[in-house]
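Student: Could you take me closely through a single part of this structure, beginning with one residue and its surroundings, and then set that part beside the rest? I would like one connected account.

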Amino acid sequence: MGGWAVVDRAQVADVRFADAPEPETAREPAGLAEDIWSPLPPAPLSARWGSYSAWTGSQFVVWGGYAGGGTSEESTADDGAAYDPVAQRWRRLARAPLQGMYGGTGVWTGRELWLLGGNGDPNGRQTLSAAAAYEPAEDRWRRLPDVPLRVSAAAWSRQTGQAIIAGPDPATGDVAA
Amino acid sequence: MIASGGHAFVVTTDLTLALDLRRRTAWKALPDLGWPHSLVQAPMAGWTGGGLLVAHSEAAAVFGTGSAEEGWRRVSPPPRLLSPEATLYPLSDGQQVAVDTVARAAAVFDPARSRWSAMPLETRRRAAVAAGESGAAAFFVWGGSTDANLPFGDGAMLPWESAR
């Protein structure tokens with residue numbers, strides 16, 4: 001597998017074009033239905049926020065996150081679980097080759113959940129470039145090359161089989177991808 | 001960021017950028033939508049199958065990437081109850097589900113139809129979410145926090161049949 005490549009810097013100077021659409025007219029909101037969501041059973045994970053997540057086609061995978069909130073047990077989480085909506089059951093994931101992270105970016109490739117960087121300490125001051133891939137079918141992890149950016153956004157291109165990431169350039173602070 | 005149709009898109013408050021993944025040329029700024037800045041503080045964006053959908057609570061447009069259809073065309077806006085916190089996630093068939101965990105609302109969106117539901121969860125931010133492009137469930141929400149960073153450990157799912 002190849003590493004990361006910076007493909008280009010965003011050129012954002014000459015931006016404006018004519019032929020802008022007309023403003024949209026307002027319309028009334030539709031009504032709310034209250035009964036179509038289903039609560040999930042309790043997960044084998046501590047309460048947390050900023051987790052990485054993906055739908056695999058058969059399971060909802062959650063990993064990492066931060067259990068902050070003024071308790072003595074605040075910490076970044078290094079565990080995860082997957083929920084099967086057909087079996088209505090959670091299972092714990094194999095141990096990841098990563099320290100606890102939160103607030104990073106996850107992307108589903110069609111076979112693996114890629115975790116791309118994040119924060120490693122409660123104050124958000126420890127930016128992590130670590131990356132790893134989780135394969136739900138085998139319950140198996142592998143490390144990926146570290147990401148070259150602090151990843152703000154990521155997407156997987158099915159056409160090209162590539163992950164595209166964007167974030168501030170470490171040298172200039174400009175948006176890079 | 002969205003990567004579909006051979007392109008990657010970055011949608012910001014001020015402009016939309018596109019990168020042709022096959023040619024790897026420079027990022028291209030798409031034509032300005034002309035929306036008042038106050039309305040597009042946090043636009044939602046997603047791939048509809050026919051192009052890039054960019055929307056906020058009062059307007060929406062699709063940018064076609066084909067050579068014959070390149071350019072913006074207006075489409076029906078998502079329901080107004082969605083707040084600027086709402087985000088679009090892809091479903092199958094180019095549909096998008098707009099989910100707002102702050103307003104506890106969700107809407108399945110396509111140019112022809114939208115349907116509303118309210119999540120049975122407390123208002124929250126930074127939840128783990130995932131949209132199901134296939135399978136038994138269309139959308140999941142789990143965890144997250146209050147504005148004071150108190151974490152949640154519960155979640156809910158939107159069954160696929162309900163979403164369609």
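**A loop residue and its setting**

Tutor: Asp139(A) counts as exposed because it has 12 C-beta neighbours inside 10 Å, and the cut-off for that class is 12 or fewer. The model we are reading is a predicted one, and what follows should be taken in that light. The position of Asp139(A) along the chain is the loop between strand E8 (127-135) and strand E9 (140-144) of chain A. The backbone there deserves attention, since phi of Asp139(A) is positive, at about 50°, although the residue is not a glycine.

The two strands on either side of this loop belong to an open sheet of four strands in chain A, ordered E6-E7-E8-E9, in which the pairing is antiparallel. Strand E6 (105-108) and E9 of chain A are the edge strands, each having a single partner strand, so one side of each is left without a neighbour in the sheet. From one strand to the next, the twist averages 20°. At the E6 end of the order, E6(A) pairs with strand E7 (residues 113-119) of chain A in the antiparallel sense, over four bridges. Within that pairing, Thr105(A) has Leu116(A) in E7(A) as its bridge partner.

Widening the view to the whole of chain A, one finds twelve strands and zero helices, so that the run of elements from the N terminus on is β-β-β-β-β-β-β-β-β-β-β-β. Of the 177 residues in chain A, 38% are buried. Taking the contacts in chain A between residues at least 6 apart in sequence, 41% of them join residues at least 24 apart.

Chain B offers a residue to set beside Asp139(A). Arg104(B), which is not a glycine, also has a positive phi, near 60°, and it sits in the loop between strand E10 (96-100) and strand E11 (105-110) of chain B. Its surroundings, however, put it in the opposite class: Arg104(B) is buried, because 20 other C-beta atoms lie within 10 Å, and 20 or more is what that class requires.

Elsewhere in chain B, burial can be followed along a strand. Strand E7 (residues 60-64) of chain B has four of its five residues buried, so this strand is largely enclosed by the rest of the structure. E7(B) is joined by four bridges to strand E6 (residues 52-55) of chain B, and the two run antiparallel. In this pairing Leu52(B) has Phe63(B) in E7(B) as its bridge partner, and E6(B) and E7(B) form a hairpin with four residues between them. E7(B) also pairs with strand E8 (residues 71-75) of chain B, in the antiparallel sense and over five bridges; in that pairing Val62(B) stands opposite Arg73(B) in E8(B).

As for chain B as a whole, it has one helix and 15 strands. Buried residues account for 50% of its 164 residues, and among contacts in chain B between residues at least 6 apart in sequence, 33% join residues at least 24 apart.

To return to the starting point, Asp139(A) combines a positive phi with an exposed place, in the loop that leads from strand E8 to strand E9 of chain A.

Technical notes. Residues numbered from 1 in each chain as written. Chains lettered and ligands numbered in written order. Predicted model: local features only at pLDDT ≥ 70, side-chain atom pairs only at ≥ 80, totals over all residues. Pairing = 2+ DSSP bridges. Contact = placed C-beta atoms within 7 Å. Axes fitted to C-alpha atoms, helices over the stretch in contact; angles between N-to-C directions.
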